[in-house]
Amino acid sequence: MRPNPTASAASRPNSAPRDIDEYIAAFSPEVQAILQRVRLTITKAAPEARETISYRIPAFTLSGALVYFAAFKKHIGFYPPVRGDAKLEKALSGYAGEKGNLRFPLDQPIPYNLIERIVKLRVKQNLAKRAAKTKKGEGSSRRSMSSRTASCSCGQLRIRVEGEPRGVGICHCLACQQRTGSVFAALASFSAPFEVFGTATEFVRLGGQGAQFIFRFCPVCGTTVFHTEDGRTESVSIAVGAFADPNFPAPRVSIYDSRRHRWVELPQGIKTFDKDPT
Ligand SMILES: [Zn+2]
Ligand SMILES: [Zn+2]
C-alpha cells in the first residue's frame, strides 16, 4: 500500500524536499516536464486534493492519502496499487511492478489518461470511506471537512488537523518572541481530533495565568510546530507558518499588544488586547 521510503533515495539528495516544486527541481529538464504533467493530471482529476511531501516524495491527500509519485532513473513510480476496478487494473497490467505498484517507463509515453482514471477512482474510494465513517455517527460535520497538515521545515514532525481553525491570533509576548525568534507568534487553534507524525521534543512553559503549555518542536531542524495546554486534549495550537500556506485565514486577535514592536502594523479590524484576555 505505501511506497517504499528508501526506493527513491538513489536519485535524491539526503534531505527531504519541502514541497513538490523542490522535489521536481532536482531532476533533469525532461523528467521535470513529465513530473509537472503528472502533477497537473492529478490536480485536474482531484481539484480538492492537497499537495504534500510524504515518505520524501510528492503526495496528494484528500480525506486521507490519495496518490504518491516519484521519479527513478528509468521510470515514474505511482502508488498505491490500484484495487477495486477490474477494467482499470487490466489496462494497467503492463505497468505493474513489485507489490502491485505502478512503473511507467520513461522511454515510453506516460499514460496520463490512465493516471487520471486512477486518481478519480482513488477520490471515489476515499470519499466512500469517509461517508461510511460519517454514517457510523462520529463527528459527522467535522469529518466531511478538509484536513490541513502543518510541518516543521525538514518534514520530520507534522500534525494533521480537520476542518477550519477555531481561532487565529498573533501574540507579541516576549516568550513567544524568544520561542519563535520572530517578533510575534502567529497561532491557529484547532479542535481535536488531530494526528501527529514524527517525533517531537517537548518544552513546558508556565504561562502568565499559571497554565502549563507544552511546546513541541522538531529535534532535527528545531522548528516549533504546535503546543497544547497541560491537561487539555480538546484543542491544539499550531504555528501558522508551519502550514506553509499564504492563503491561511488571517488573524482576528492580537494579544500582548503591550509588547508589540512599534514598527509592527496590525491588519485592519483585528481585536487587540493589552495582555492575554483568557
Ligand atoms: Zn524538522
Ligand atoms: Zn505569547
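A residue counts as buried when its relative accessible area is under 20% and as exposed when that area is over 50%, with partly exposed in between. In the predicted model described here, Tyr68 has a relative accessibility of 7% and therefore falls in the buried class. Tyr55, at 26%, is partly exposed.

These two tyrosines are partners. Among the seven aromatic pairs in the structure, that of Tyr55 and Tyr68 is edge-to-face, with 5.9 Å from centre to centre and 65° between the planes. Tyr55 belongs to the loop between strand E1 (50-54) and strand E2 (57-61), whereas Tyr68 is part of strand E3 (residues 65-71), so the contact ties together parts that lie 13 residues apart in sequence. The loop that holds Tyr55 is the turn of a hairpin: E1 and E2 are separated by two residues, and Tyr55 adopts a positive phi of about 55°. The two strands of the hairpin run antiparallel and are joined by five bridges; in one of the pairings, Thr52 has Ala59 of E2 as its bridge partner.

A further edge-to-face pair is formed by Tyr95 and Phe104, because their ring centres are 5.0 Å apart and their planes meet at 70°. Both residues are withdrawn from the surface by the criterion above: Tyr95 is buried at 16% relative accessibility, and Phe104 is buried with a relative accessible area of 0%. Ring pairs also bring in Phe78, so that Phe78, Tyr95 and Phe104 make up a cluster.

The N-terminal part of the chain includes two helices. Helix H1 (residues 20-25) contains Tyr23, which is buried at 0% relative accessibility. The C-alpha atom of Tyr23 lies 38 Å from that of Arg232, a residue 209 positions away along the chain. Helix H2 (residues 29-45) has 17 residues; at 1.5 Å a residue the expected span is 24 Å, and the distance of 24 Å between its end C-alpha atoms agrees with this. The buried residues of H2 are Val31, Ile34, Leu35, Val38, Arg39, Thr41, Ile42 and Ala45. Viewed down the helix axis, these buried residues fall within an arc of 155°, and they therefore line one face of H2. Pro29 and Lys44 are exposed and sit on the face of H2 that is turned away from the buried side.

An open sheet is built from eight strands in the order E11-E12-E13-E14-E9-E8-E15-E16, with mixed pairing. Its edges are strand E11 (201-206) and strand E16 (271-272), each of which pairs on one side only. Within the sheet, E13 and strand E14 (residues 235-239) are paired in the antiparallel sense over two bridges. His227 has Ser237 as its bridge partner in E14.

Two zinc ions are considered. The zinc ion (ligand 1) is coordinated by the SG atoms of Cys152, Cys154, Cys218 and Cys221 at 2.3 to 2.4 Å. The angles among the four donor atoms are 105 to 114°, and the site is tetrahedral. For four tetrahedral donors, the ideal angle at a metal is 109.5 degrees. The donor residues of the zinc ion (ligand 1) follow the spacing C-x1-C-x63-C-x2-C in sequence. Cys152 comes from the loop between strand E6 (147-151) and strand E7 (158-162), and Cys218 from the loop between strand E12 (212-217) and strand E13 (224-229); the pair therefore ties together parts 66 residues apart in sequence. Cys152 is buried, with a relative accessibility of 4%, and Cys218 is likewise buried, at 1%.

For the zinc ion (ligand 2), the protein donors are the SG atoms of Cys171, Cys173 and Cys176, which lie 2.1 to 2.3 Å from the ion. The spacing of these donor residues in sequence is C-x1-C-x2-C. Cys173 and Cys176 are both buried.

Note on methods:
Residues are numbered from 1 along each chain as its sequence is written. Chains are lettered from A and ligands numbered from 1 in the order in which they are written. This is a predicted model: local features need pLDDT of at least 70, side-chain atom pairs count only at pLDDT 80 or more; totals for chains, interfaces and linings use all residues. Side-chain values use heavy atoms; hydrogens and water are left out. Donors are N, O and S atoms within 2.8 Å of the metal (3.2 Å for Na, K and Ca); water is not among the atoms, so sites may look incomplete. Four donors count as tetrahedral if all angles lie between 85 and 135 degrees; four count as square planar and six as octahedral if opposite donors are over 155 degrees apart and all others between 65 and 115; anything else is irregular. Helices (H or I, at least four residues) and strands (E, at least two) are DSSP runs, numbered from the N terminus. Buried means under 20% relative accessible area, exposed over 50%, partly exposed in between (1.4 Å probe, protein chains only). Two strands pair if DSSP finds at least two bridges between them. Rings of Phe, Tyr and Trp (its six-membered ring) pair if their centres lie within 6.5 Å; planes under 30 degrees apart count as stacked, over 60 as edge-to-face and the rest as tilted. The expected span of a helix is 1.5 Å times one less than its number of residues. The arc is that of the directions from the helix axis to the C-beta atoms.
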